[in-house]
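Could you walk me through this structure, stop by stop? I have it open in my viewer and would like to know what to select next and what is there.

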Amino acid sequence: MEGYNPQKVSDLATGMELTLGGKLLKAVIFDRDYRSEREVSTTKAELSKFSMFAHIHERKELENYLLEASAIERALHRQIEEHNKRSEQKVACDEDIQQILVALSEPLKHRISAQFQAKRSPFEKSKSPALDPATITQRLLDEFEEIWSQWVQRKNVLPGKELLSLLNQHVQDKYKVTLSGTAIVASMRPDEVPAEIRTLIDCLEEFRTLAV
């Protein structure tokens, strides 16, 4: 969920409890959007006041966890293999998937940079009101450039849904196949699943057993 607000979530949960006439077990999961570590920590502390556990993704949105080049490459090769079995037109892929993802993301840079600053500035200003706005802007610009310079960090702030859509358009045009999120997940090795997601699954399982 984007644009999360702890107070609004609390009010919503209270309203649901009043409507149902009883207490609810509550767990909260949000997209990261462009929030800083400090803002995430502050928000999680607020959310934890009324929920059993609160999780905010480390990446912008859930789809960003599909931006794993090796898993995408395996999924693409499987789709191409299936295509070649059904079609007389044989295709082959020798492209570097990470390079494709980097290239597809480049035109998005300025828009993402603007959103990064717009989303982070209010919180930074609220925590450091004495700082000149230009100083905050420069700090955010420097931070964004550092993130953008390395793919391992860049993939965390990209609009995951949009980039996967661009990737799908590329493989459809060039290889006549499509890549679903399910296909990418199915191609992931256990060691490619982030520790964060493993922990989240464990928390959700614990929450499920308590809710039964």
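Here is a tour that begins with the whole chain and then visits single helices, a pocket, some loops and a few residues.

**The whole chain**

Before you zoom in, keep in mind that this is a predicted model. Show the chain as a cartoon and colour it from end to end: it has 10 helices and two strands. Starting at the N terminus, the elements follow the order α-β-α-β-α-α-α-α-α-α-α-α. Turn the view around, and the C-alpha trace spans about 60 × 50 × 30 Å along its principal axes.

Now switch on the surface. Of the 212 residues, 41% count as buried. If you look at contacts with a separation of 6 or more, 76% of those in the chain are between residues 24 or more positions apart.

**Helix α4**

Select residues 97-105, which form helix α4. Which residues of this helix are buried? They are Ile97, Ile100, Leu101 and Ser105. Show their side chains and look down the helix: these residues lie on the same side of α4, because they cover an arc of only 125° around the axis. A general point helps here: an α-helix has 3.6 residues a turn, so residues three or four places apart point the same way.

Next, bring in what covers these buried residues. The cover includes α3 (69-86), α5 (109-127), α6, α7 and α8 (160-175).

Before leaving, step back to Asp96. This residue caps the N-terminal end of α4, with a side-chain oxygen 3.0 Å from the backbone nitrogen of Gln98.

**The largest pocket**

Select Arg32, Glu58, Arg120, Ile147 and Asn156 together. You are now looking at the largest pocket, which has a volume of about 270 Å³. These five are the closest to the pocket centre among the 14 residues that line it. Two elements, α6 (133-148) and α7 (151-157), each give two or more residues to the lining. The largest share, three residues, comes from α7.

Try colouring the lining by residue class. You should find three nonpolar, three polar and eight charged residues.

**Lys155 on helix α7**

Stay with α7 and pick Lys155, which is found in this helix. Is Lys155 buried or exposed? Lys155 is buried, because its relative accessible area is 9%, under the 20% cut-off for that class.

Show the side chain and look for its partner: the side chain of Lys155 makes a polar contact with that of Glu68, at 3.2 Å. Apart from neighbours within four places in sequence, Lys155 is in contact with Arg59, Asn64, Leu67 and Glu68.

**Glu192 in a loop**

Move on to Glu192, in the loop between α9 (181-186) and α10. At 11% relative accessibility, this residue counts as buried.

Where does its side chain reach? The side chain of Glu192 makes a polar contact with the side chain of Ser70, at 2.5 Å. A polar atom of the Glu192 side chain also lies 2.8 Å from the backbone nitrogen of Arg189. Setting aside neighbours within four places in sequence, the residues in contact with Glu192 are Ser70, Ala71, Arg74 and Ser187.

**Ala195 on helix α10**

Continue along the chain to Ala195, in helix α10 (residues 195-211). This residue is exposed, with a relative accessible area of 55%. If your viewer has a distance tool, click the C-alpha atoms of Ala195 and Met16: they are separated by 33 Å, and the two residues are 179 residues apart along the chain.

**Two residues with positive phi**

The last stop is a pair of backbone details. Select Asp33, in the loop between β1 (27-30) and α2 (37-47). Asp33 has a positive phi of about 55° although it is not a glycine. At 3% relative accessibility, Asp33 counts as buried.

Then select Lys176, in the loop between α8 and α9. Lys176 is also a residue other than glycine with a positive phi, near 65°. With a relative accessible area of 46%, Lys176 is partly exposed.

Notes: Residues are numbered from 1 along each chain as its sequence is written. This is a predicted model: local features need pLDDT of at least 70, side-chain atom pairs count only at pLDDT 80 or more; totals for chains, interfaces and linings use all residues. Side-chain values use heavy atoms; hydrogens and water are left out. On a 1 Å grid over the protein atoms alone, a cavity is a set of points where a 1.4 Å probe fits but cannot get out, and a pocket is an open set with protein on both sides within 12 Å along at least five of seven lines; lining residues have an atom within 4 Å of a point. Grid points are joined across faces, edges and corners, and a volume is the space filled by probe spheres set on the points. Helices (H or I, at least four residues) and strands (E, at least two) are DSSP runs, numbered from the N terminus. Ala, Val, Leu, Ile, Met, Phe, Trp, Tyr, Cys and Pro count as nonpolar, Asp, Glu, Lys and Arg as charged, and the others, Gly among them, as polar. Buried means under 20% relative accessible area, exposed over 50%, partly exposed in between (1.4 Å probe, protein chains only). A polar contact is a pair of N or O atoms within 3.5 Å; within protein, one must be able to donate a hydrogen and the other to accept it, and residues adjacent in sequence count only if both atoms are side-chain atoms. Contact means heavy atoms within 4.5 Å. The arc is that of the directions from the helix axis to the C-beta atoms.
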